[in-house]
Amino acid sequence: MTNVLYNPLADNKRGEENAKKIKEILKNAELKFADITKIDLHEFINNVPQKDKIIIAGGDGTLNYLVNKFSGNVTGHPLYYYASGNGNDFKVDISEKEHGKIIRLDKYIKDLPIVYVNGGKGVRFLNGVGFGIDGYCCEVGDEMKKKSAKSINYTSIAIKGMLYDYKPRNAVVTVDGVKHKYNNVWLVPTMNGRYYGGGMKVAPDQDRLAADRMLTTMVFHCKSKLKTLTVFPTIFKGKHVEHTDIIDMLTGREITVEFDKPTPLQVDGETYKSVSHYNAFAKLPEDHNEDNETAANV
């Protein structure tokens with residue numbers, strides 16, 4: 001038996017339809033489909049016989065839901081993944097090493113980094129944390145989804161935001177105890193993978209399976225709106241790193257980002273409103289756990 005746990009909300013509510021395409025890949029397999037939003041995930045996975053397979057079908061948000069249900073360590077059963085979401089940045093990131101349509105998931109979801117937003121409960125993240133106009137785009141996109149089932153063009157939202165609605169912030173970025181101060185900041189994501197935002201290659205040199213488990217923070221700071229609009233599209237190819245006068249790439253294990261004005265933030269595409277700061281850890285500190293809210297202030 002192969003159990004397919006799908007997210008019906010993935011890809012603008014086409015998650016079940018997309019997941020059923022697995023039938024074309026595993027033509028001789030006995031498949032059983034279940035809505036991941038309507039089951040007790042712990043109970044389901046723990047009760048599946050070891051000889052049976054489990055495939056998670058969805059997008060980055062589905063994987064984020066999975067790892068946070070298990071506090072970042074899904075153990076006891078081999079898991080597989082079929083990308084059936086909208087952006088699928090995780091799948092894009094690992095595609096150089098994983099060429100199949102269904103890939104083994106286990107090694108990619110163990111000991112994931114954790115972020116504390118506004119000093120709240122810790123959240124594990126698979127791809128990255130976005131703070132700035134990327135969070136703004138997710139907030140606007142969420143409102144658009146409530147009104148229409150059409151696909152969201154986040155690049156268009158970002159460009160309109162830069163031109164009219166979104167104003168850059170001043171920021172303090174602390175990496176492993178060293179503070180960096182910036183003015184006119186447009187975005188400050190911290191990355192576990194290379195991609196986010198539907199194909200933006202934010203951290204070209206980041207390796208999610210590296211032995212040192214470092215995180216990469218990109219700071220996009222620019223006073224000129226015209227130059228910002230010119231450089232922004234280069235993020236999709238990872239060429240923004242060549243603009244060293246307005247792009248800083250920082251690596252570390254403990255990263256704190258503070259903005260001078262409340263700003264939307266996103267974690268693997270999930271939106272948080274009115275955020276003043278976040279704290280990301282490549283590895284959870286030994287004296288804290290996910291529920292320890294004070295960890296965000298160390």
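**Notebook: sheet, Leu105 and a low-confidence stretch**

I started with the weak spot: pLDDT (the predictor's confidence in each residue, from 0 to 100) stays under 50 over residues 293–298, for which the model has 15 contacts (heavy atoms within 4.5 Å) beyond four places in sequence. Where pLDDT is low, the predicted coordinates should not be read in detail. The chain as a whole averages a pLDDT of 90, and 93% of the residues score at least 70.

Ground rules I noted: this is a predicted model, where local features need pLDDT of at least 70, side-chain atom pairs count only at pLDDT 80 or more, and totals for chains, interfaces and linings use all residues. Residues are numbered from 1 along each chain as its sequence is written, and side-chain values use heavy atoms, with hydrogens and water left out.

Next I looked up the sheet. It is open, with five strands (DSSP runs of E, at least two residues, numbered from the N terminus) in the order E2-E1-E3-E4-E5 and mixed pairing (at least two DSSP bridges between two strands). Strand E2 (31–35) and strand E5 (102–104) are at the edges with a single partner strand each, so one side of each lacks a neighbour in the sheet.

Then I checked E1 (residues 2–6), which pairs with E2 in the parallel sense over five bridges. Tyr6 has Asp35 in E2 as its bridge partner.

Last, I went to Leu105, in the loop between E5 and strand E6 (114–117). Leu105 is buried (under 20% relative accessible area, 1.4 Å probe, protein chains only), at 0%. Beyond its neighbours within four places in sequence, I found Leu105 in contact with residues including Ile56, Leu63, Tyr81 and Phe90.

Note on methods
Helices (H or I, at least four residues) and strands (E, at least two) are DSSP runs, numbered from the N terminus. Buried means under 20% relative accessible area, exposed over 50%, partly exposed in between (1.4 Å probe, protein chains only).
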